[in-house]
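I opened this entry to keep track of what I looked up in the structure. The notes follow the order in which I checked things.

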Amino acid sequence: MGRAFQNRKESMAKTADAKTKVYSKYGREIYVCAKAGGTDPNSNLALRGLMERAKKDQVPSHVIDKALDKASGAGGEDFSAARYEGFGPGNVMVIVDCLTDNPNRTFGDVRGCFTKTKSKIGTPGSVSHMFDHCAIFSFAGSDEEAVLEALMEADVDVTDIEQEDGRITVFAPHTDYAKAKQALLDTFGEIDFEADEIQFLPQTTTPVEGDDVAMLEKFLGMLNELDDVQNVYHSAELPESSEA
C-alpha cells in the first residue's frame, strides 16, 4: 500500500506544479467542506486538514478566507460532488472526483477527455471497487506501537501502519478519518502532518509502456485543466523517468 501512496504523492506534486488554477480548486473545496461541516476548523477536522494542506501548497490566506466567508453566508454557489470512473490509456483504471455547479457541463467535459484519448468512461462503481478509499496520515515518528495503541483505543479500524525513514504513515477507512485524526492529536498533541487526506489507492497497479505513456500524460493533463476536477486517481505504474 505504501508504494502506491508514494507514487500518488509524486503524481500529485508534479500535477500541482502544472496547475494554474490550484487556488480556485482549493477555494472551492474549502467552501464545500465548510458549508457541510461548519467554518470552525477546530470542530471541523476535515476543514482543518484541508486548510493546512492549502497553506503548505502556498495558497494565499485571502483565498482561504474568501471561501470561508462564502460558506458562512446564506447564499453562495451550490456545488455538488460528482465522481466519474473508467479506463484510461493503457487500460489504466481511473477515478475522477469533481465539485460542480453544473453536472451536465462537467460530465460532458470529463467525457470529452476520455473520448479524445481513446479512453472509456464507465458506469458508477465500474472501477472504484478495485481501489481502497483511505484516510491517510503521515508524520514524523518512529514508535509504531504507540500510534497503533492510540488508534485502537479510539476504536479506529486501522488498515495499515508503516514506519520508514523516521516517518509513520497510517492508513484507515475513509469513514474513520475524523476519529483517527482526533486520536492522534489527543495522544501526541499538535502534529505537523506531511499527509492528512482522504484518497483512493489502487489495490493493484497497471504497468504502462510505449505510446500509452504519452497518451496517459495527455489524458491526465486534460482532466486536471478542467475547473471542476478536484482529484484524479489512477492505477498506472509508469516508468521511473515518466511518473504522471
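**Lys116 and its surroundings**

I began with Lys116, and beyond its neighbours within four places in sequence I found it in contact with Lys218 and Met222. The model is a predicted one, and I read every value below as computed from it.

I then checked where Lys116 sits: the residue belongs to helix α5. Is Lys116 buried or exposed? Its relative accessibility is 60%, so I noted Lys116 as exposed, the cut-off being over 50%. I also looked up Phe219, which is 103 residues from Lys116 along the chain; the two C-alpha atoms are 8.2 Å apart.

**Sheet with β1**

Next I followed helix α5, residues 103–116, to the sheet it lies across. The helix lies across β1, β2 (92–100), β3 and β9, and I have its direction at about 15 degrees to β1. I read the strand order of this open sheet as β3-β1-β2-β9, four strands with antiparallel pairing. Strands β3 (120–121) and β9 (229–234) are at the edges with a single partner strand each, so one side of each has no neighbour in the sheet.

I looked at the β1 and β3 pairing in more detail. Strand β1 covers residues 80–88 and is joined to β3 by two bridges, in the antiparallel sense. Opposite Gly86 I found Ile121 of β3.

**Cores**

Which residues touch the most other members of the largest nonpolar core? I listed Val96, Val110, Leu216 and Phe219, out of 21 residues in that core. The elements giving two or more residues to this core are β1, β2, α5, α8 (211–225) and β9. Helix α8 gives the most, with six residues.

I picked Val110 for a contact list. Without the neighbours within four places in sequence, Val110 is in contact with Tyr84, Val96, Cys98, Ile121, Leu223, Leu226 and Val229. Apart from this core I noted another, of 18 residues, including Leu45, Phe137, Val156 and Leu185.

**Sheet with β4**

I turned to the other sheet I had on my list. Four strands make up this open sheet, ordered β5-β6-β4-β7, and the pairing is antiparallel. The edge strands, each paired on one side only, are β5 (160–164) and β7 (195–202). I have the twist at an average of 25 degrees from one strand to the next.

How many bridges join β5 to β6? I counted five, with β6 spanning residues 167–173 and running antiparallel to β5. One pair I wrote down is Glu164 with Arg167, its bridge partner in β6.

Two helices pack on this sheet in my notes. Helix α6, residues 144–153, touches β4 (131–140), β5 and β6, and its direction makes about 155 degrees with that of β5. Helix α7, residues 177–188, touches β4, β6 and β7, and its direction makes about 15 degrees with that of β4.

**Cysteines**

Last, I checked the cysteines. How many disulfides does the count give? With sulfur atoms required to be within 2.5 Å, the count comes to zero. I looked up the accessibility of two cysteines as well. Cys33 has 17% relative accessibility and Cys134 has a relative accessible area of 2%. Buried means under 20%, so I entered both as buried.

Methods. Residues are numbered from 1 along each chain as its sequence is written. This is a predicted model: local features need pLDDT of at least 70, side-chain atom pairs count only at pLDDT 80 or more; totals for chains, interfaces and linings use all residues. Side-chain values use heavy atoms; hydrogens and water are left out. Two strands pair if DSSP finds at least two bridges between them. Axes are lines fitted to C-alpha atoms, for helices over the stretch in contact, and angles run from 0 to 180 degrees between N-to-C directions. Contact means heavy atoms within 4.5 Å. A nonpolar core is a set of buried Ala, Val, Leu, Ile, Met, Phe, Trp, Tyr and Cys residues joined through side-chain atoms within 4.5 Å. Buried means under 20% relative accessible area, exposed over 50%, partly exposed in between (1.4 Å probe, protein chains only).
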